[in-house]
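Let's take a walk through this one together. Have the model open and follow along as we go.

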Amino acid sequence: MTPGPSRPLADALAEGTLVLDGGLSNQLEAQGCDLSDALWSARLLADGPGQIEAAHTAYVRAGAQVLITASYQASHEGFERRGIGWDQATRLFARSVELARRAAGTVDRDVWVAASVGPYGAVTADGAEYRGRYGLTVRELQRFHRPRIEALAAAGPDALALETVPDMDEARALLRLAGEYGLPVWLSYTVAGGRTRAGQPLDEAFALARGHDEVIAAGVNCCDPAEAEAAARTAVAVTGKPAVVYPNSGERWDAGDGGWTGTATFTPDRAASWQQAGARLVGGCCRVGPEAIAELAAARRGAPGDPSGGAGAG
């Protein structure tokens, strides 16, 4: 087993800003992988784990200090539809952490691994993560997420990334579960128009993280970069915790056509405003690749309070 980082993620955040990785799926596609499957990148946990490790390694080499696992769209139910039984699926969740940990071990510096707990809507593979309001109760959402979180927590990540959450009900379910496993977590909503994707006010959404000691950061991901600064300010003001920010490229996903439209607006220099708003975890989501993460890392490396101690990307 590859050893983990020298100190907890929360301690590193107290010292300064850490650089997250970028979109895993776009890097896998750049490597020639076909992701036209309901399991998306999670399919490669079974069919091409070397590709996932290579994608993580590309981000580590670019300077990422936190890697997010390939478990975003993974579920026991989804694996079962592909003929993968419950026990084997549980092993694949563990594999997602192991692959990221191995990639982290390719450089001589601390790299943390956050296990991705994507929303219920990602698993339905119909764009529901951009709408929320699934018609499920909080208790039903807890029942769905529990085995995923349990399998990931058992694999020993440094944190759980409760990410791309579109709806306060799902945030409630995830936070109730996450506190049972003794791991730090971050809570990250996907937003549009200054609200959750389900249309809820962000101050109310972030207020759910108050009183949860395991929550080390709250913020946004998988959103337009233009939304990030204001959301980060709200997250910090409401929770009293550092913000996490990793938006998309600025292009828009058309779930009907299954493709991206529009123009990329993500630029690494935007991260300065996110940091001023209180962000301590910054990176990119869909369509943000290693080149952009390298620019973010270069801007952070050697800056005052840089927890990496100025270490190179290896």
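Start with residues 309-314, where pLDDT stays under 50. The model still has 15 contacts for this stretch beyond four places in sequence, but remember that this is a predicted model. Where pLDDT is low, the predicted coordinates should not be read in detail. So don't lean on those contacts: the pLDDT there is under 50. Across the chain, the picture is a good deal easier to work with: pLDDT averages 91, and 94% of the residues score at least 70.

Now go to helix 6, which runs over residues 86-104. Its 19 residues reach 28 Å from the first C-alpha to the last, close to the 27 Å expected at 1.5 Å a residue. Its buried residues include Leu92, Phe93, Val97 and Leu99, a run of alanines such as Ala89 and Ala100, and also Arg101. What do these buried residues pack against? Their partners are helix 3 (43-47), helix 4 (49-62), strand 2, helix 5, strand 3 (112-117) and helix 8.

Helix 3 is worth a stop, as it holds another arginine to look at, Arg43. Is Arg43 buried or exposed? With a relative accessible area of 16%, Arg43 comes in under the 20% cut-off, so it counts as buried. Leaving aside neighbours within four places in sequence, Arg43 is in contact with two aspartates, Asp34 and Asp37, and with Arg82.

From there, move to the loop between strand 2 (66-68) and helix 5 (76-81), where you'll find Tyr72. Tyr72 is buried too, at a relative accessible area of 10%. Beyond four places in sequence, its contacts take in Trp40, Ser116, Gly118, Pro119, Ala122, Glu129, Arg148, Glu163 and Thr164. Tyr120 sits 48 residues along the chain from Tyr72, and their C-alpha atoms are 9.7 Å apart.

One of those contacts of Tyr72, Thr164, deserves a look of its own. Thr164 is part of strand 4 (residues 159-165), and its phi is near 55 degrees, a positive value in a residue other than glycine. Thr164 is buried, at 1% relative accessibility.

Finish with Arg133, which also has a positive phi, about 50 degrees, although it is not a glycine. Where does Arg133 lie? Look in the loop between helix 7 (120-124) and helix 8 (138-154). Arg133 has a relative accessible area of 53%, over the 50% cut-off, so it is exposed. Put the two side by side: Thr164 is buried in its setting, whereas Arg133 is exposed.

Notes: Residues numbered from 1 in each chain as written. Predicted model: local features only at pLDDT ≥ 70, side-chain atom pairs only at ≥ 80, totals over all residues. Heavy atoms only, no water. Helix = DSSP H or I, 4+ residues; strand = E, 2+ residues; numbered from the N terminus. Buried < 20%, exposed > 50% of the residue type's maximum accessible area, 1.4 Å probe, protein only. Contact = heavy atoms within 4.5 Å. pLDDT = per-residue confidence, 0-100. Expected span 1.5 Å × (residues − 1).
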